[in-house]
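Work through the exercises below with the sequence and the 3D view open. Try each task before reading its solution.

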Amino acid sequence: MRRRPARLAALLLVALLLTACVPGREAVTPRLVTPPPGGVRPTIIVLTSTAAPATTGLPGAPTPTLPPGATRAPTSPPNPSAPTRASTATNTLPRATKLTRDGCCALPRWLPDSAGIAFYGAAGQIDPRAGLWRVPQGGGTPQFLSPLYGTFSPDLGLVAYPDGGVTRLARLDGVVLATLPNGGRRAYLPATSDRVAWMAPANGVPVVSTSLDPPFQITIMQLDTGAISTPPAIFIGETIQWFPDGRRILVNGRDSRAEHPGLWVLDTVSGAATLIVESPWLESPLISPDGQRIVYTATLQRDAAANGVWIVNADGGGRQRLALTGGYRWLPDSGALLHIPAPTDRPNDELWRYNLADGARTPLVGAGQPPFTIAQNEWEVAPDGKAIVYRSATDGAIWSLRFAP
Amino acid sequence: MDHRPARRRGLLTGLAAALLLTALLSGRTPARAAAPPFGAPLAGSPGPGSWFIGQWYGNTAWAHDNPYPAGQGLHFGVDFNTPCGTTVLAIGDGAVFAVDGPYGSAPHSVVIAHADGLFSLYGHLLERATLTPGQVVRVGDPIARSGDPAGRCDLDPHLHLEIRRNMMRETTNPVPLLRVDWHRATAGIRRNGTTFVRDLDNPARWLTIVDQPDVLFGGARLNDYPRSWP
């Protein structure tokens, strides 16, 4: 009897060794499901609305401080008591339209008139070309626009695409208008389309941590003259965004020593860099269409109540936390956001409208509706504000979702 | 005299040895039809204050701009952004294979050997873990505290999780292997680490959180595309 544990251990050892020596089973090599060669016949689903969950309170926020050398931004205290209320379900029934084959395409974006959607991929039933395609918002046969892909001007008339050690700025028909000496880096076109910016490496500035992006300076090229300017501010950060005025640029990052993290506004004419919110780990900033405000998510804050979605004026004032979570986009009038709550334990995504003036929240797509799951945050609001387009995590196709008028 | 405690220790040691031998001799991954074999390395739900995915495994935009030379240019783990000091959990039953071993992911790391030849590596830890090689751990056991790569906690705090195999020489995508609600694990946050680069000459490849290649350490770079976006 006393020998049983030792025998048991020996048996387990032999069993495990035998397990190890068994010829290999199927390896984990995930593959994309090959879409059927079917066409792009639009699928239209009328969704139903559901009731709203309760809103949450609005705790306070840390006060930003001013780093040495930065311009002081006007400040105003956070407004933790901004009104919120959840409205009940509306009678609107959003209409979902499947626009592409499963898994063929990505990066959907609206055409300026909301009449159609452009996206990247190989959408053709017969045409094998990969590139930029367009399809009517109500569905139809996709049309090939261009083999070029990169940063587009808001009217989709221009594209900036990397080409070896340079970036070309071209019309969609391929006519090159300018060549940017930027190492083939991503170029950023403002709404004014009269200049272009990129993030140039700040050579000689030490890298503080390999897990941060390398230091950079913003370089701007005027498209009519080809004149290049480089404001002196050095940042560490991931991406930049033009304000609609085509003059200021928002940087989510740190200074060259990896200090003073937060949201910076660079005036590309004067060269002044202003830290409008100082806090580490701010994510997903989005400038409002009118350029007046910025919405962002504060993460991993020491004060747990400071985590969440915030809004701030472009000059740093009027900062307040919003009673919403998850991903968000501005509506064209800059008065409201669409947002997808996260996290949630529900099987499908939801879509809500959040009115900034009074905190009213309106459900547009509820969790109990047919599969509405957005892949990797790929969704955009139509210029008319009455629809979204998204890539589905369920079937990998691109869908539009139009709300009732 | 009762020898049961000593025998129990012997039994556990035997089990640990078996797991290590299994991990070393095997090199296979479980069949995909089964449920993911591993749990989550962090407790609770994703959110801006708890944890969220800062970078996926594989062909990320961040890795394209800042390629990882050791890992064929790709990000060969999943980054869970979380405050320094967050308790890290063992994702499965196994035995401690290494503590601060020569497997990167500074300043501190832990490797656990599992059945089926898989190893889980927990990187950028706050401090040296109080574990010893050979020690048996169970799924959900606290094994360490999270930190950040620079060891200062004010830059980029996150847990880096890898799944290795083939005697630690390869990594594979953790996403199909962990029971995590990945769809919501970014908590709505979008950054370069949560988007994938499109090889415009091969536009359908490596663009989802599941469809990502294995990485062979020392192999040729995989994400140096002539035409790509972003």
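The model used here is predicted.

**Exercise 1. Confidence**

Task: Find what ipTM and pTM the predictor gives the complex, and what pLDDT chain B averages.

Solution. Begin with the whole complex: the ipTM is 0.87 and the pTM is 0.83. Then turn to chain B, where the pLDDT averages 89 and 86% of the residues score at least 70. Finally, look for a weak stretch. In chain B, residues 27-32 have a pLDDT below 50. In the model, this stretch still has 22 contacts beyond near neighbours in sequence.

**Exercise 2. The make-up of chain B**

Task: State how many helices and strands chain B has, and what share of its residues is buried.

Solution. Count the elements: chain B has two helices and 13 strands. Next, take burial, where a residue counts as buried if 20 or more other C-beta atoms lie within 10 Å of its own. By that cut-off, 56% of the 230 residues in chain B are buried. Last, take the contacts in chain B with a separation of 6 or more: 72% of them join residues 24 or more positions apart.

**Exercise 3. An open sheet and its edges**

Task: Give the strand order of the open sheet that contains β20 of chain A, and explain why one side of each edge strand has no neighbour in the sheet.

Solution. The order is β20-β21-β22-β23 in chain A, four strands with antiparallel pairing. At the edges stand β20 (282-287) and β23 (320-321) of chain A. Each has a single partner strand, so one of its sides is left without a neighbour in the sheet. Now follow one pairing: β20(A) and β21(A) (residues 293-298) are antiparallel and share four bridges. Within this pair, A:L286 has A:V295 in β21(A) as its bridge partner.

**Exercise 4. Another sheet in chain A**

Task: Identify the edge strands of the open sheet β4-β5-β6-β7 in chain A.

Solution. This sheet has four strands with antiparallel pairing. Its edge strands are β4 (105-110) and β7 (143-146) of chain A, each pairing on one side only. From one strand to the next, the twist averages 35°. Inside the sheet, six bridges join β5 (residues 116-121) and β6 (residues 131-136) of chain A in the antiparallel sense. In that pair, A:P136 of β6(A) stands opposite A:G116.

**Exercise 5. A hairpin**

Task: Find which residue takes a positive phi in the hairpin of β28(A) and β29(A).

Solution. Locate the strands: β28 (residues 374-381) and β29 (residues 387-392) of chain A run antiparallel and are joined by four bridges. One bridge partner to check is A:V389 in β29(A), which belongs to A:E380. Then go to the five residues between the strands. The residue sought is A:G385, with a phi near 75°.

Technical notes: Residues are numbered from 1 along each chain as its sequence is written. Chains are lettered from A and ligands numbered from 1 in the order in which they are written. This is a predicted model: local features need pLDDT of at least 70, side-chain atom pairs count only at pLDDT 80 or more; totals for chains, interfaces and linings use all residues. A residue is buried if 20 or more other C-beta atoms lie within 10 Å of its own, exposed if 12 or fewer, and partly exposed in between; C-beta atoms are placed from the backbone. Two residues are in contact if their C-beta atoms, placed from the backbone, lie within 7 Å. Two strands pair if DSSP finds at least two bridges between them. pLDDT is the predictor's confidence in each residue, from 0 to 100. Axes are lines fitted to C-alpha atoms, for helices over the stretch in contact, and angles run from 0 to 180 degrees between N-to-C directions.
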